[in-house]
Structures are given as structure tokens and as C-alpha cells.
Amino acid sequence: MVAPASNGSQLNRREVLGIASASAAFAVTSSVAGLPGVAGEATSTAADPSSRAGIGFWPNGARLAVSISLMFEGGGQPISGASGAIPDPIEKGVPDLPTNAFFAYGYYEGIPRVLDLMDKHGIKLSSFMIGNAVKTAPDLAKEIVRRGHEAAAHGRAWDNSYQLPRDEEKRFIADGVETIERVTGQKPIGWNAYWMRSSVHILETLQELGFLYTIDEPSHDEPFIVPVRGRDFVTVPYTFHMNDIVSFPFNGWNPAAYEQSLRDEFDQLYEEGSHRRRMMVLSLHDRISGHAGRVRVLDRFLTYARSRQDVWFARKDEIARWVLSHRAGTPVIVRQSPNVTGLPGPTA
């Protein structure tokens, strides 16, 4: 396992050579569509990605970054109408007692169990926290940070914000940030919206609030930069297919298939990592992946992944800062407005 590079540390010879090679490879800039059929998008890219073979695209020459997110949502849900394990919806306005208990499992059992698993493997993750969930279990939020994990923002409550007026959406995000910072002492610089849906103004809003990155785009297997008002803003991509709440819910849960899918994802990206920058993303939710049997599967996978050389297990803020300081080796996507492209970008 490759240890994270500390901010401000001197680069070793391998890193210097890698950065120089990557800079040369990215010296040629071509205006091509970053995604097929997307209008008004230009990408700075290498003329021949295979020319970057053997560079080592991450700290200490690592060929693959593995980034784990843990959603801290229990206590942030509405007491009536939240989606959960029970398919039959409750009458509107009636407190859904078993569903709320399902969410409570996250802070009573799930997160403590996942934190112990991360300690066992020496891995730090990024926890996206809902402000109201932090208010519900403040000691747990403090413990996450105390153990060296990132506290990132997930809104004031477990709800959409994209339909709010711009100033109200900004307040919705800022309220969550203020709660997290007050309780944990750490100011979030990373954002994840409810089901990844924010307004078209989100990148400017996040930039105004002091964020460095968002994870709300499942379009790449590597981080990238979108310029916003003359400044770089990072996307550290999220995932649907490696997301427990989407692809591995309780209905039809198959632990053997889940473990194999994790290994297959890792192996393919590790292989590709010999010649291009690759990142594996794994998304966990407090009330889902924190169950005992699921943690056993994760334990086996992490044992497998840590047995391979040149793998960097990194928090998302570490990844964002790395790509900002190694811009020459990072895709820079210049987009028109989301109203034109249908993808996150500046509105002006």
C-alpha cells in the first residue's frame, strides 16, 4: 500500500521524472469532445496516452488510487416518507418507525463497524455528512475526524436542493458545512448532493463557499478539472455501479457476486493503470454497508486489494489536492453551460 504524500513534502526522483514525463505528454492540447456527442466541450489531453506508460500517475509512483466514501445520513432523513428497506410506503405524515430505526442503524452500528474495518487495514476514507445527522450523533462525527478521515458535506438534510432558488440552495449547503465544522473542527471542502442532483449553478456556488471539489459526476474513472470563472474546480468522480444503495441493496443481495464485482473492478483498473491514470471508487452508506455480513465481504476485498503493489488508498480531498498540484497530468474539461451540455459546468 502506498502511503499518502503529505502536503509540502519534497518529491522523490521517481515522482519528478513522472511529472516531467506527464507534462511533456500533455503539452499538446487538442480541442475534442470530452464525451461523444457533447457540444461545446474541449478537453486538454495527451496526443498518445500510451506514451505515458510506466510513469506512475499517483504519489510514490502508484498506478491506481482507491477511494472510499462513507455516507453519514442516519438522523438526517425526514421522519415520514424516507425511502428504506420496506417497499410499502407509509401514509403521508405518519412517522415511519421501522424506517427511522433502519436509518438509526447507521449511527448505532454501521459507522462504528466500518471505522474499525478501516483501522484494521490502515485506510482513510471520506465521510459525506448531513448536517442534521451530525446533530443527531455529534460524538460519532467527532470520532470519524479523530481517526483521520475526511469530513465532507452532504447538505443540511437528506433532501434535494436543486429545486431551490440559488441563494436558498447556497444556504442549504452552507448550513451543513457550518454544523460539521462546529462539531468536528474540520471545514468540508468536498460536496455530494442528494442523489448527485444539484442546480445548474452548483459549481459557482461551491466555489463561492470555499469548496475544492465535488463528486457529483459518474462520467470518468479518473479525476478531472473544470475551469470555473478562471479558477480550477475538481471533480473526483462518484459511482452508481459500485454504490451499495444502487447496485447492492438488500433485495437480491448476493455477497459472493458483490465481492467478485469489487475484484473485477479493481483488477481491470489496476491493469489499465500501467499506462493511464485510474481511480477506483467505492461508495458505502452507513445503514447498508455497515451490517455485519457486508463488512466481512469488504474485509476480504480490502485484504485482496492491499496485497497488490503500487495502490494508493486515498481520501477524496487528498486526490483533489494532488490533481490541482499536478495539473499537467490531469484532464481539463472546458464546458459550456449545463443548459447546453446537460453536464456540470459554469453557467457563464
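Phenylalanine 240 sits in the loop that runs between β8 (231-235) and α7 (244-247). This is a predicted model, and in it Phe240 has a relative accessibility of 39%, so the residue counts as partly exposed. Phe240 also has company at the surface: together with Trp195 and Val246 it makes a nonpolar patch of about 270 Å².

Now for a residue with a rather different setting, isoleucine 180. You'll find Ile180 in helix α5, which covers residues 166-184. Its relative accessibility is 0%, and because buried means under 20%, Ile180 counts as buried.

Here are the two residues side by side:

| Residue | Place | Relative accessibility | Class |
|---|---|---|---|
| Phe240 | loop between β8 (231-235) and α7 (244-247) | 39% | partly exposed |
| Ile180 | helix α5 (residues 166-184) | 0% | buried |

What does isoleucine 180 touch, leaving aside its neighbours within four places in sequence? The contacts are Met129, Val134, Ala151, Ala152, Ala153, Gly185, Gln186 and Pro188. As for phenylalanine 128, it lies 52 residues away from Ile180 along the chain, with 10.0 Å between the two C-alpha atoms.

On to the empty space inside. Searching the whole structure turns up two cavities of 30 Å³ or more. The second largest has a volume of about 120 Å³. Its lining takes in 14 residues, and those nearest the centre are Glu73, Trp195, Tyr238, Ile245 and His285. Trp195 is worth a second look, then: it lines this cavity and also belongs to the nonpolar surface patch with Phe240 and Val246.

Key: Residues numbered from 1 in each chain as written. Predicted model: local features only at pLDDT ≥ 70, side-chain atom pairs only at ≥ 80, totals over all residues. Heavy atoms only, no water. Patch = residues over 30% accessible without salt bridge, like charges linked within 9 Å, V, L, I, M, F, W, Y side chains within 5 Å. Areas by Shrake-Rupley, 256 points an atom, 1.4 Å probe, with all protein chains shown as cover. Salt bridge = Lys/Arg side-chain N within 4 Å of Asp/Glu carboxyl O. Helix = DSSP H or I, 4+ residues; strand = E, 2+ residues; numbered from the N terminus. Buried < 20%, exposed > 50% of the residue type's maximum accessible area, 1.4 Å probe, protein only. Contact = heavy atoms within 4.5 Å. 1 Å grid on protein atoms, 1.4 Å probe; cavity = no way out; pocket = protein on both sides within 12 Å on 5 of 7 lines; lining within 4 Å. Points joined across faces, edges and corners; volume = space filled by probe spheres on them.
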